[in-house]
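Please read the following report alongside the sequence and the coordinates. It goes through the strands, the helices, the ligand surroundings and some backbone details in turn.

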Amino acid sequence: MTSTTYQPETGRRFHISTYGCQMNLADSSTIAQSLLTRGYVRAEREEDADIIILNTCSVREKAEDRIYGRLGEIYRFKKERPDLQVAVVGCMAQRLGDELIRQVPHVDFVLGTDRQFELPDVLEGREGTDRVMTAFGHEDMDAIEPIKETPFSGFVTIARGCNNYCTYCIVPFVRGKERSHSPDYIVAAVRDMVAEGVVEVNLLGQNVNSYHSGDTDFADLLLRVARETGIARIRYMTSHPKDCSKKLIHAMRDEPKILPHIHLPIQCGSDRVLRKMGRFYSVAHYLRVVDYIKEQLPNVALSTDIIVGFPTETEAEFEMTLDAVRRVRYDTAFMFRYSVRPGTLSAREFEDDIPEAEKIRRLTKLIQVQQQISYECNQAEIGRVHRCLVEGTSKRSQDIIRVRTETNKTVLIANGSPTIGTIVPVQVSSADAFTLHGELVV
Ligand code: SAH
Ligand code: SF4
Ligand code: F3S
């Protein structure tokens, strides 16, 4: 970003908390970096900060409730220190704009998803800045600096926004229309990260399959990143089943740097509900894609997103979701109750008619079925050797090393002390539904 022309701020401390998806994590890193280059310093705790930033998510009502709760707690700090600045950025800032300041008057700044990278200017009260900025069309795509997440892995957002308008989803409204970064920008970003020691990159987009820039589609982009950057491992999120192409699957088959994990949200197992969700594929099509993936990539791990209790979903249709889950056998799944998002088509047109208790019952049942499958998938891992990236230590113990398989599973190892950021062979020795345990192969 164009930070070098400014006088550095003298050591004001900021704290940034991130809610929502990996794209928000990537954006938070960019915002933090732009503040650091202006001379701000990071505060470890909110109570020590002069500027508190919340990078927010609107995807479900619960996500927004958590942020309101957090803002309530921040009010205490603001009362004690009136010069504290509070900035809300990201998707909820985009959705609510002025309304957020009316509801929570101790918020100083509300910057939407296209304006959040201007935070340093706004904090310094530069000309043309405002307390609430949510207009789209201001983003300078190539000035958004992709930042490494840890010293050895990084996120690069390859496309912003979404054009799909699934009827339940707020993302297209808060993230705007889809726009792709150029392949040259992405290749250069990954190269820069590699030069700084990054070995694994995660390419992000709401629907990576619709990435296109000039003649380059997503499969072409993956191959360019694999061949032109020196990166060791490439991950990506998220695939949309309606346009997950054979070409992409072949690229994964032919290029071992592209790791064998596909996040392919099914959302539900009924064609009628899928149509009402605006997903534009049938369950049969989805299953054909899955079969082809498994045939071409025998070691692949699959994960998914599922919504239960979408308006009018019947018990029989919910059972169809369970059937699809049993048929695909996902390694992991993110499962949600339908949440009305104001402004979306389903909020406007369909009554939220499944009682909350019934949604909870369906979700509990689905989680139970999926957990058994995750357990079985993990049991099948016992004895296998994976090439794993050493990420750190386990949350519970500094003595237990945490590594990640090519298939995006965490393994805890009790022997040896491999260096963080290296790729090592690990044999799985035991497993539950959530974690694998293993040993470093020496
Ligand atoms: N672009 C990604 C998903 C982004 S949102 C994709 O299309 O797959 C992540 C997940 O949140 C979605 O896949 C969906 O399962 C869930 N989700 C989105 N809106 C929701 C809503 N209104 N209620 C419940 N879950 C929702
Ligand atoms: Fe939302 Fe659908 Fe776009 Fe995903 S593809 S972000 S679920 S509208
Ligand atoms: Fe991500 Fe939530 Fe926004 S899922 S795109 S942070 S609404």
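## Hairpins and antiparallel strands

In this predicted model, β20 passes into β21 by way of a hairpin that has 4 residues in the connection. The two strands run antiparallel and are joined by 5 bridges, β21 covering residues 436–440, and within this pairing S430 stands opposite H437 of β21. Strand β20, residues 423–431, is also joined to β17, residues 385–393, again in the antiparallel sense and through 5 bridges; here C388 has V424 of β20 as its bridge partner.

Strand β17 has a further antiparallel pairing, made over 4 bridges with β18, residues 401–404, in which G392 is matched with R402. From β18 the antiparallel pairing continues to β19, residues 410–413, through 4 bridges, and R402 has L412 as its bridge partner in that strand. A hairpin is formed by β18 and β19 with 5 residues between them, and N408, which lies in the turn, has a positive phi of about 70 degrees.

## The six-stranded parallel sheet

An open sheet is built from 6 strands in the order β2-β1-β3-β4-β5-β6, with parallel pairing. Its edges are held by β2, residues 41–42, and β6, residues 132–133, each of which pairs on one side only. Strand β1, residues 13–18, runs parallel to β2 and is joined to it by 2 bridges; the partner of F14 in β2 is R42.

Two helices can be placed relative to this sheet. Helix α1, residues 22–37, lies across β1, β2, β3 (51–56) and β4 (85–90), and runs at about 175 degrees to β1. Helix α2, residues 61–80, packs on the sheet where it touches β3 and β4, and its direction makes about 175 degrees with that of β3.

## The three-stranded parallel sheet

A second open sheet has 3 strands in the order β14-β15-β16, and its pairing is parallel. Because β14 (261–263) and β16 (332–337) stand at the edges and each has a single partner strand, one side of each is left without a neighbour in the sheet. From one strand to the next, the twist averages 10 degrees.

The parallel pairing of β14 with β15, residues 301–308, extends over 3 bridges, and H261 finds its bridge partner in A301 of β15. Helix α14, residues 356–379, packs on this sheet and touches β15 and β16, with a direction that makes about 175 degrees with that of β16.

## Surroundings of ligands 2 and 3

Which residues surround ligand 2? They are C162, N164, Y165, C166, Y168, C169, V171, P172, Q206, H240 and R279, and by class this shell divides into 7 nonpolar, 3 polar and 1 charged.

Ligand 3 is surrounded by G20, C21, N24, T56, C57, S58, V59, C91, R175 and Q206. The class composition of this shell is 4 nonpolar, 5 polar and 1 charged residues. Q206 appears in the shells of both ligand 2 and ligand 3.

## Backbone details

Most residues other than glycine have a negative phi, and most peptide bonds are trans. Against that background, the peptide bond from M237 to T238 is cis, with omega near -5 degrees, and T238 is placed in the loop between β13 (233–237) and α9 (246–254).

Y165, which is one of the residues around ligand 2, has a phi near 50 degrees, a positive value in a residue other than glycine. Its place is in the loop between β8 (159–160) and α6 (171–175).

## Domains and confidence

The domain assignment of the protein chain gives domain 1 (2–133), domain 2 (146–259), domain 3 (265–380) and domain 4 (385–440). The centres of domain 1 and domain 4, taken over C-alpha atoms, are separated by 35 Å.

The mean pLDDT of the protein chain is 93, and 97% of its residues reach 70 or more. Over residues 1–6, however, the pLDDT is below 50, and beyond near neighbours in sequence this stretch has 9 contacts in the model. Where pLDDT is low, the predicted coordinates should not be read in detail.

Definitions and conventions: Residues numbered from 1 in each chain as written. Chains lettered and ligands numbered in written order. Predicted model: local features only at pLDDT ≥ 70, side-chain atom pairs only at ≥ 80, totals over all residues. Heavy atoms only, no water. Pairing = 2+ DSSP bridges. Contact = heavy atoms within 4.5 Å. Axes fitted to C-alpha atoms, helices over the stretch in contact; angles between N-to-C directions. Near = heavy atom within 4 Å. Nonpolar A, V, L, I, M, F, W, Y, C, P; charged D, E, K, R; others polar. pLDDT = per-residue confidence, 0-100. Domains from an automatic or database assignment.
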